[in-house]
Amino acid sequence: MSAVEYRTILKYRLMIPMYPEDETCPICRKACMDKYGEHAVHCKELSGFKYRHDWVRDVLGDILRRAGISAKKEVPVNFPTDPLEGRSTRDQRICSSLAGGKHACVDLTGVSPLVGLRENGFVVGLAARKAESKKEDKHAKACAENQHVFIPFAFDTFGSLVPEAINFLMKVQRVIHSNCSTSGRQGFVFGRLGFAIQKGLAA
């Protein structure tokens, strides 16, 4: 990590303003570059936006594989989970005792915890919970009607995870722990995911 990247991430984590005043994003030329760097982290025109999502998705897939849990990434489901999208894909599709023997669709979404900061103030985990709620409203009903368990895996760029994601990872952690006698594996799942989120932010 370069010195510039390190200073930028440190300012972001400490919520130190990065810009003296709001200005238009020089990349997408649509949104406002807020002083806290909220848009800079989530501008969809930047390659790092998709990289961060895909990196966390791939790390989660590797964790599931190491736990002996059958999972496939970006698998099309045979039913529309959004009327406007037609047939959809989910980030991870698993089938194991973790979902009561049913297929489970895991949908990742990463958000900035600084979203809405100027209007609502800062509340830990609030942005991730709002993102989780939107995913639930959009996909949960269709998945349930087609005998699939829907798991919204929302996280923010500070590393906060929503309760549904935490419960899912705790189940995965127990599977790994039962298959490995060494105590060093106890924090493996959350440690790897946390590092993946921060590495994605550095991009």
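Here are a few friendly questions and answers about this predicted model.

Q: Why do Cys105 and Cys143 not count as a disulfide?
A: A disulfide needs two cysteine sulfur atoms within 2.5 Å. The sulfur of Cys105 has its closest cysteine sulfur in Cys143, 4.3 Å away, so the pair is too far apart for a bond. Seen from the other side, Cys143 is in no disulfide either, with the sulfur of Cys105 as its nearest. The structure as a whole holds zero disulfides.

Q: What makes Cys105 buried or exposed?
A: Buried means under 20% relative accessible area. Cys105 has a relative accessibility of 1%, so Cys105 counts as buried.

Q: And how do you know whether Cys143 is buried or exposed?
A: The cut-off is again 20%. Cys143 has a relative accessible area of 0%, and therefore Cys143 is buried.

Q: Which residues touch the most other members of the largest nonpolar core?
A: They are Leu60, Ile63, Phe153, Phe168, Leu169, Val172 and Leu193, in a core of 30 residues. Helices H3, H5, H6 and H7 and strands E5 and E6 each supply at least two residues of this core.

Q: What does Phe153 touch, leaving aside residues up to four places away in sequence?
A: Contact means heavy atoms within 4.5 Å. Among the partners of Phe153 are Leu60, Phe168, Leu169 and Leu193, along with Val106, Asp107, Leu108 and Thr109.

Q: What makes the phi of Gln147 worth pointing out?
A: Most residues other than glycine have a negative phi. Gln147 is not a glycine, yet its phi is positive, near 60°. You can find Gln147 in the loop between H5 and E6.

Definitions and conventions: Residues are numbered from 1 along each chain as its sequence is written. This is a predicted model: local features need pLDDT of at least 70, side-chain atom pairs count only at pLDDT 80 or more; totals for chains, interfaces and linings use all residues. Side-chain values use heavy atoms; hydrogens and water are left out. Buried means under 20% relative accessible area, exposed over 50%, partly exposed in between (1.4 Å probe, protein chains only). A nonpolar core is a set of buried Ala, Val, Leu, Ile, Met, Phe, Trp, Tyr and Cys residues joined through side-chain atoms within 4.5 Å. Helices (H or I, at least four residues) and strands (E, at least two) are DSSP runs, numbered from the N terminus.
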